[in-house]
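Let's look at a model and ask how its labels are earned. Each reply sets a value against a definition and then draws the conclusion.

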Number of protein chains: 2
Amino acid sequence: MRYKAGLETRDRILQATRALIASEGLDGTTIKAICDQAGVLPGSFYNLFDSKEQAILSVVRQAIDAIDPDPEHKGIDTLSDLIDAYIRFVIEQEDLARVYIRLAISGSVNNPEIKGRTMRHHQGRVARFAAAISRQHPEMSDAETERRAETLVTALNGVTLHRVMDPDFDVAVHARALLTDALAGV
Amino acid sequence: MRYKAGLETRDRILQATRALIASEGLDGTTIKAICDQAGVLPGSFYNLFDSKEQAILSVVRQAIDAIDPDPEHKGIDTLSDLIDAYIRFVIEQEDLARVYIRLAISGSVNNPEIKGRTMRHHQGRVARFAAAISRQHPEMSDAETERRAETLVTALNGVTLHRVMDPDFDVAVHARALLTDALAGV
DNA sequence: GTATAATTTGAGTCAACACTCAAGTTCTAG
DNA sequence: CTAGAACTTGAGTGTTGACTCAAATTATAC
């Protein structure tokens, strides 16, 4: 797993896996389907990955990482920035957004690894949103800030969930509306 | 499929199917698992159902029906009633709520039947919420009412989605917060 | 240029899946 | 009581899944 050819093959396999999870769901993502799409045979897949699970986990990691833009600047974004970044993520990286939502549900069932990863990421996201709210409204209590952040993040996931089912759904409009609402009456 | 024994077996199979989809997801819901849990052998399952798919569809129908409380009184609920009924549904009929969220995603992928059913149900739910909003705020434009209803319904699904992952998540608090927010600034 | 390690091949293994069926058992109407 | 229909049994079918492996091929370092 060191030569150029191997790394390229690895890439093609991950691309195929990502596309398949997004379009067919976890069930449709078989080794055969991945290999067909990547132009590779099973033996080659297993030369590069220990298991199907490992390839899927790599894609999950991609999806989770892709949601958090600019993690270096942690702490300086406004709430509006965070929402806009999320809208951009859902629209521009549709496949990864689908993977994220799909795995959050199907994957977290009996897979502690995926479940833990998803939950931890959720906590981090809520904390970041809470920090942004707090910066914007320093007078708000911590509990209230936390609650508003959590409501907002889960509501955003709902928007993404609906987008997965209906490609015509206007993510931007509804996500921004949530932003407005989330700070209403303060 | 007419004797008492048959009807009872049918019931036990549907119960087992529902519990399995809720706890294990669609993948874990195998004929063997269903039969084990229902105390039945495969032959008996296939005496009562044409396919695994048919049993699952029956459970989906149950889940969708269970969300809409009191469909007779369509048109007279307040928005608060609708939210409260939904909170009650998610908490008291956790299994069906899990089935609903899970199927909305995994199931709708390559199953037009489930997808159509879910989408139609969503439309109906948005319409009902929109009617309630409109009753409460007759001055609001139709477009605005519709948009707020849609944001609210998708956000509520997000709350349910999170509840599926985290049983400690306080559905009531966040759902009611959404209600407050949804009508903020009017 | 050659040795060595990485990669690819593709036939093959084994388990689990949805589903079938002929034979037995139980129910219930008349 | 009886006849026929409904129900149950459980071994069996064919398919597809993830994964393996020895042999052939290709890339890279020296």
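Q: How are the copies superposed before anyone talks about a rotation?
A: Copies are laid over each other by least squares on the C-alpha atoms of residues with pLDDT of at least 70 in both. Keep in mind that this is a predicted model.

Q: What makes chain A and chain B related as by a two-fold rotation axis?
A: Superposing chain A on chain B takes a rotation of 180° with 0.0 Å of shift along its axis, and the RMSD is 0.1 Å. The two copies are therefore related as by a two-fold rotation axis.

Q: Which residue of chain A comes closest to the rotation axis?
A: That's G158(A), with its C-alpha at 1.7 Å.

Q: How do you know that the same surface serves both copies?
A: Check the overlap: 100% of the contact residues of chain A recur in chain B. The contact takes 36 residues from chain A and 36 residues from chain B, where a pair counts if the C-beta atoms lie within 7 Å.

Q: Which helix gives the largest share of chain A's side of that contact?
A: α8(A) does, with 13 residues. By class, this side of chain A has 16 nonpolar, 13 polar and seven charged residues.

Q: What makes a residue count as near DNA strand C?
A: Its C-beta atom has to lie within 6 Å of the strand. 23 residues surround DNA strand C, and the closest include G6(A), N47(A) and T30(B). α3(A) supplies the largest share of this surface, four residues. Sorted by class, the surface has eleven nonpolar, eight polar and four charged residues.

Methods. Residues numbered from 1 in each chain as written. Chains lettered and ligands numbered in written order. Predicted model: local features only at pLDDT ≥ 70, side-chain atom pairs only at ≥ 80, totals over all residues. Contact = placed C-beta atoms within 7 Å. Helix = DSSP H or I, 4+ residues; strand = E, 2+ residues; numbered from the N terminus. Nonpolar A, V, L, I, M, F, W, Y, C, P; charged D, E, K, R; others polar.
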